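Ready to work through a structure with pencil in hand? Try each exercise on your own before you read its solution.

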Amino acid sequence: MDVDLPYELQLVTDLRGHEERAWQIAWNPVEPLLASCSADKSVRLYNYQPSNESLKFSHIHSIPTGHTKTVRSLAWSPSGKTLATGSFDSNVGIWEREGGHDGDEEAADWECMTLLEGHETECKSVAYSSSGTLLASCSRDKTVWVWEVHPDSDFECMGVLMEHTQDVKCVAWHPSEEILASASYDDTIKLYIDDPSEDWFCFSTLTGHKSTVWALAWSPKGSYLASSSDDLTIKIWKRVAEHKWECALELKGHERSIYSISWGKGKTGEESLGWLASTGGDGKINVWDIREPPESSTGRVLSHKLIATLSSAHDVSDVNSISWCPREGFEDLLATAGDDGSVRVWKVVPSH
Amino acid sequence: MESVERSVRSWLASGKDTELDETVSGIINGQITLVDVVKALGQYLTSEEDELRSKGVDFLSSVLGKCPLDKLNRQAVRVLVAFHCSKLEDTETITPALKGLAFLVKFPPVEPSDASDILSALFKHVKMKALVQSTRFFVFSIIDTLLVKHIKALRDMGREFLDGYVGLAEGEKDPRNLLLAFAIARVLLTQFDISHKTDDLFDITFCYFPITFRPPPGDPYGISAEDLKKALSACLSATPLFGRLGIPVFLEKLTAGSPTTKRDTLQTMTQCLPVYGAPVARDFGRKIWSSLKLEILQPIDPQTESEALSTLQVFVRTIQGSEASSGEVAGLAKDICEECIAVLREPEKAQAKAAMKVLCAFVTVSPTLSQFAISQATQHLVSLFHNPDEVPSRPAVIILLSDLVHATRDASSTAPTPPSRMDNATTDHVPLQPSKDDLLGVFTVGLKTPSTVESALRALQGMVTTTGLFTDEEFGFIVHAVDELIQGDNVEDISDNALSLLSAISTTAPHHVADQILPLFFSSLPDRAPVKEAQDERAAYWRALSALSTLCVHPALFEIFVVRLTTKLDLLSGSLSGPGQGSELETVPAYAHSILTAISKTLAAKVEKKDADVPKYVDRLLPWLFKLFINASLVKAASLLLDPRLLQVAGRIISLVVETLPLERQQRFTELLFGAYLKGDVQAITDGLLRIPSDTPFHPLNSDATTPQRYTVVLFSAAVVSLRKEITLPVENLGTFLELITMWSDSREAAQTQREAAWHILASVVNKHTEEPGISSFLTARLDVYWLTALGNRDATADTRRHSISLWAWITKALLVRSHPISSQFVDRFFELLGDDAVDWDAARAIGGLGSGDIVLTKRNFAVVKVLHAQKFFNMVLPRILEGAKVCDGSRQETAYLVALASLIDSVPKATYRTEMSSLMPLLLRALDLPDPTIRASIIATLTGTLKDVTSDSTTVSSYASTLVLAMLKNCMLADSPEPRVRTAALRYLSLLPGTVRYDLLHPYKSQVLKELAKVLDDPKRAVRKEAVYARTNWFKYNG
Amino acid sequence: MNGEIFNPNPTVFALSKRSGRKSKFETGRSLWIDNEGPLEQTDDSEVESIDQDEIFDLIRSIADPEHPNSLEELRVVSAEQIDVGQNHVTIEFTPTVPHCGMSTLIGLSIRVRLLRSLPQRFKVDIKVKPGSHQSELAVNKQLNDKERVAAALENPALVETLEKCLETAGMQSELYD
């Protein structure tokens, strides 16, 4: 099927070990660490080191977590020191490394610092704000919770946002500002900010998707927000004013639910808005290069180019999560997690 | 006397039973009396020390327990009774005292007065709550014994006894005591005047209902919930007095209870209602009905539903009581019927089905009610059927009526002819009689629309199988209706229901079938075989044939069937006797084969039901068969007829007929048979149908016989095999005859089919005529000459040797099944071959095969078969095999032994090796790695067998569980076992493991098994996938 | 299943003859009668791909949560309502009444049955028959949201109910051999 695209996805490694479906992966923003979570209630940590022009991934630790149900979601704090887990047991776990420092991971042991209880049903997603001072979580109980992070892993609930009429599937923080976005089974996306006088509130609802919105991804500079849905489309919303967002582009390219998207800097220079990767129930990975239209051109539409694609990325399995490595120099590194329980790492390389 | 004191002293010290025995023997041989014992105990019995007192009494009681019943005189008894009773006041001695009494009451000299004294004492002093279970048990057994021996005395005690007993029994919890208490209660309820005590007795029995007792793991008395249930319901159903109190309890349990409680309650009600009697049942009638109705119209599960139905039957029978005979239905029964009829207004609904079940249940209650229910139901449904607005519900209506018809038929067939009524002079009791015409009308209309035809056929089936319902011309009418039905589309597409309806009719009114139906089918049989490409025509003729063979079992029809089919074949034989060309080579014999198969199928069915007309076909069919094939065998060029498959069916037909012949008829037939095959006289066996030119003699058994002629020996063999053992075979010497057959089968030209035919002859004759002259010399000749020249002859080609191995196996088996001593020598030779690379595996398989059953050496074929011969054989060879497999590890020879083991296990009945499993398992597991799929399949089958078999202990399996799991996973993978049957077998095994092996042993494998099986779900073969699904489901359910 | 009965008196239909696979001989494909059963493999290399009938056999005997009847008897499922593609299956089912509160449970039981019995390569979509249920879209959406299905299957009470419905699922297949 490979219509000649400029790039292709090269399998760097296939990390097996989860006994059941792997739900999500998260790259540590600071250290060479990749974390994955699974229905087997465990979190697995991999470290990676350059080894002759490739990378060598090695499993260094497994956290049994103690969540009584599926661990659905993962998030690293910007400092890379703390890991948050969201579970179907409705709790959010906060994990930090005890002993064994950056040098020898093996010695490290991960301990649960606190357990954030509050959601009534399955927690589906967790996310740290860019400053690391805020943590957001969402659940089937239709709420989004915003927690303030205090020293010694002490958390204070700043607000419970009950805007959605259904199951909230995903939360995502703006890369620089304290703007929170949430996506839901009710087909909408909601944007929230903290009103200094008041409380957290929803300042905008983005409608247009025709079914569940599964995932959200902010553009690296934050002027755009991408959303993927069960309606098989990806929409890109442009910030047209301080608090105003409009749909600027719709991408198609999947045959089944698009469960996950990730927007990275990419390696195609400054004029690009970066690379947007998507995946889902059709087991396919798509990578788009997104660009702003030249000022000259009248069309305000974003230009987009499918630069790489790969089918059956996890053989016959659904792919549940995709994520660009956020670290300097690794912009072309992509990780995915699948129903086959495996975590795969891909490198975007020019095709020849 | 001193001796007593001594043993008392030392017993108090040691508690040794020997001391007791000494005293007891003393009593037995009259040296001492129990009174002496009491004296000897004197000081202790009155001692201040509690322990001494109780021990003292205990000694006495224990002695009583061992003392023969004739060793106590009246005097002693009176003393002892008084003594023990007095000891009841003392809390230290009450237990041994009760123990003593429990023994004492068994002694004959005990008199009624004693009985009442004992009881009064019990009632006065015994506080059950203060006593342990075992002590309370004494109390109950005392009362139990007295009830048996002195019931009158107890009756005379009147209130005192009943009050006292109730006081004691109240609040008992222990199952063992309860069993006794229930037994006692049952007696009180049935044989005492309890009118004033009903409520209390009700309380101490009904409070246990329903029994929810679950026996503790290591229960020493092994009392099951069932025992308690039985004993209790025997009480609950003991007296009508319980009726008014009991029924409310039942109804309450019924509405509130769990499914198990519901069922338990329903069963108990079924037992109680008849005892409680009509009046009570009537008073609670509405309530009872409405709760039963719930269980039937909105059932929680099928078992409960059927329980409710049988309760309903009993209930209605009870309230009907006298009414039954009075001839008309009134009251509740009537209302219930009408209620159900009302539900039938929506016939396609679930409740309609249920309502019909109720009405069907009524059919067996009483003739009157049955009449009423049937007429009401039919009237309603029939009119519904004919109502133009209700056309959509017609399918449902027919199904309901069909249910009713079948229920009625079964009721009248099982029930004894109903009690005479005034009208029984005029009509015989066929309950369906009155509604017959209506029903017939509905069903025949039903035949006309696709949506109803099948159920209509099933309904009619029910009617025609109701004895005495239809007249001959009514049968004709139905057949005609079916005729029209099948006229419509292709005759041969007739449905199974239509077929079974017709064959049901054919048993009572064959001529209708013969006249109206058979012609259709015969005419749809082509005169020439359809060409290879004509799949549909071929399918068509086969369906026609199988329809015919189902229909033509009745003698009259079978006769026609045979005539028509043989003529068909005669038509064909033209093209058959020739060499044929092109696709004919296949199609023609295939067609002929189908025809013969049809005949043999029907014949087999007739033999099964011992039809008297089978033997006559020795004249009607066999000559023609022999003519057909012998004639074909005379032509120079190979004839199409002489296809092994054709010969085999022909052979089957011959055996079927011959086995039914009486001795002397068989003898006559045998003469002709041997005349033909040994002397070439074919005229007789073909009944003159075949005269052969002298230039082409028929001598199939000659060494220079032509291939076609050789083939006809298959028929000869088929006949010989089913001859009785009393038959004298017309040959000068049996030995030479068998020698001839042996050489004939070993000759190079012989084809496999011919060889097998020959082997069957050998086996059958050796087995039936072992003791007759010629045979033993033949056998010894095998053991020396033949062994050296054939089996044991390493210079002979492997093929030749294989043939002789099979021949050898057949002879051995013939001897084994009649447990003939010489057989062991034959078996030994096989073991010698296990070291012989050229044929070791064949020998190994042969050894295994020896234990298996076969088609030749059967009782049916009059073979001499000793019981347990398989067992004997197994015990003889198994140790040798185990030994062999052990010594030569890993070698090729070990493999040979494993092969032998595998095929042996596969061939003998489970029972033979059940006990050996533990020693077999390691070998079987090793054999599972052998490449040969047949072996693996058979091993897995064996293992499966032992899993399924409940009696075999699962410990062996458990100890190998993990190895087994892995082995089976390997065997169910396409990659490791290309043969579907192996994969299927392995999966079948895996699916059974969870049911047999404790979860904790296998749970480490659960996720692996599920993962691996997930792959098998994609197997290319449907059958394999089906098993995989089943296995995987079981493993999902497999939890601690 | 808090005692509420959504359809106390459903229509019960006769069971269709089970997928009648004919032997090669019965269809005239082979010349000679094979004495084996109808399912015996004559040719080991031949691939029998998973089809409508086979999938129907998997789900037909699932028990209705509300009645002692199978989904087939209540015509909740039927072979015609199954669509099989290369790696894709769509199952349509028909609740006995438009307000049936059991629909999600029924759909779920079908999904679980297939989850356990179909090769992983198959993507399964389960939908109620268009127009057969008052909250059709809601039910469909829920049944096809893998995250919610996954969560549901971690709910012990629900799983127990499901297992009850599935107990009977294998039965007919067993009658087979």
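Below are five exercises on this predicted model, each with a worked solution.

**Exercise 1. Find the residues with the most contacts inside the largest nonpolar core, and see where the largest share of that core comes from.**

Solution. Step one: start with the core as a whole, which has 412 residues. The residues with the most contacts inside it are Phe315(B), Phe629(B) and Ile110(C).

Step two: look for the element that gives the largest share. That is helix α20 of chain B, residues 350-363, with 11 residues.

Step three: zoom in on Phe315(B). Leaving out residues up to four places away in sequence, Phe315(B) touches Leu273(B), Ala281(B), Gly285(B), Ile288(B), Trp289(B), Leu332(B) and Ile336(B).

Step four: look away from the largest core. Apart from it there is another core, of 20 residues, and among them are Ala26(A), Leu45(A), Val71(A) and Leu83(A).

**Exercise 2. Describe the interface of chain A and chain C: how many residues are in contact, and what area is buried?**

Solution. Step one: count the residues. Chain A brings 25 residues into contact with 16 residues of chain C.

Step two: turn to area. About 1700 Å² is buried between chain A and chain C, with 45% of it on carbon and sulfur atoms. On the chain A side, Tyr185(A), Arg256(A) and Val316(A) supply 37% of the area buried against chain C, more than any other three residues.

Step three: check the charged pairs. There are 10 salt bridges between chain A and chain C. Pick out Arg72(A) and Glu147(C): they form a salt bridge, and their closest N and O atoms are 2.5 Å apart.

Step four: add the polar contacts and sort the residues. The rule finds 17 residue pairs in polar contact across this interface, both at pLDDT 80 or more. The side of chain A that touches chain C divides into 6 nonpolar, 7 polar and 12 charged residues.

**Exercise 3. Now do likewise for chain B and chain C: which element of chain B supplies the largest share of the side that touches chain C?**

Solution. Step one: get the overall picture. Here 44 residues of chain B are in contact with 43 residues of chain C. The buried area is about 3800 Å², and carbon and sulfur atoms give 56% of it. Lys1021(B), Arg1022(B) and Lys1026(B) supply 18% of the area that chain B buries against chain C, more than any other three residues.

Step two: go through the pairs. The rule finds 4 salt bridges across this interface. In a salt bridge between Arg121(C) and Asp1018(B), the N to O distance is 2.5 Å. Polar contacts come to 11 residue pairs, both at pLDDT 80 or more.

Step three: bring in the helices. α20, α28 (535-551), α30 (584-608), α49 (980-996) and α51 (1022-1037) of chain B each supply at least two residues of the side that touches chain C. The largest share, 11 residues, comes from α51(B).

Step four: sort that side of chain B by type. You get 17 nonpolar, 8 polar and 19 charged residues.

**Exercise 4. Is Asn28(A) buried or exposed, and what does its side chain reach?**

Solution. Step one: place the residue. Asn28(A) sits in the loop between β2 (22-27) and β3 (33-38) of chain A.

Step two: check its accessibility. Asn28(A) counts as buried because its relative accessible area is 0%, which is under 20%.

Step three: list its contacts. Not counting residues up to four places away in sequence, Asn28(A) touches Leu33(A), Trp76(A), Gly80(A), Pro326(A) and Arg327(A).

Step four: follow the side chain. The side chain of Asn28(A) reaches the backbone nitrogen of Val30(A) at 2.7 Å and the backbone oxygen of Gly80(A) at 2.9 Å.

**Exercise 5. Where does Glu122(A) lie, and which residues is it in contact with?**

Solution. Step one: find the loop between β9 (109-116) and β10 (123-128) of chain A, and there you have Glu122(A).

Step two: check accessibility. Glu122(A) is at 9%, so this residue counts as buried.

Step three: collect the contacts. Setting aside neighbours within four places in sequence, Glu122(A) is in contact with Ser87(A), Phe88(A), Ser90(A), Cys138(A), Ser139(A), Arg140(A) and Ala151(C).

Step four: look closer at Arg140(A). Its side chain makes a polar contact with the side chain of Glu122(A), at 2.6 Å.

Terms used: Residues are numbered from 1 along each chain as its sequence is written. Chains are lettered from A and ligands numbered from 1 in the order in which they are written. This is a predicted model: local features need pLDDT of at least 70, side-chain atom pairs count only at pLDDT 80 or more; totals for chains, interfaces and linings use all residues. Side-chain values use heavy atoms; hydrogens and water are left out. A nonpolar core is a set of buried Ala, Val, Leu, Ile, Met, Phe, Trp, Tyr and Cys residues joined through side-chain atoms within 4.5 Å. Buried means under 20% relative accessible area, exposed over 50%, partly exposed in between (1.4 Å probe, protein chains only). Helices (H or I, at least four residues) and strands (E, at least two) are DSSP runs, numbered from the N terminus. Contact means heavy atoms within 4.5 Å. Buried area is the accessible area (1.4 Å probe) that two parts lose on being put together, summed over both. A salt bridge is a side-chain nitrogen of Lys or Arg within 4 Å of a carboxyl oxygen of Asp or Glu. A polar contact is a pair of N or O atoms within 3.5 Å; within protein, one must be able to donate a hydrogen and the other to accept it, and residues adjacent in sequence count only if both atoms are side-chain atoms. Ala, Val, Leu, Ile, Met, Phe, Trp, Tyr, Cys and Pro count as nonpolar, Asp, Glu, Lys and Arg as charged, and the others, Gly among them, as polar.
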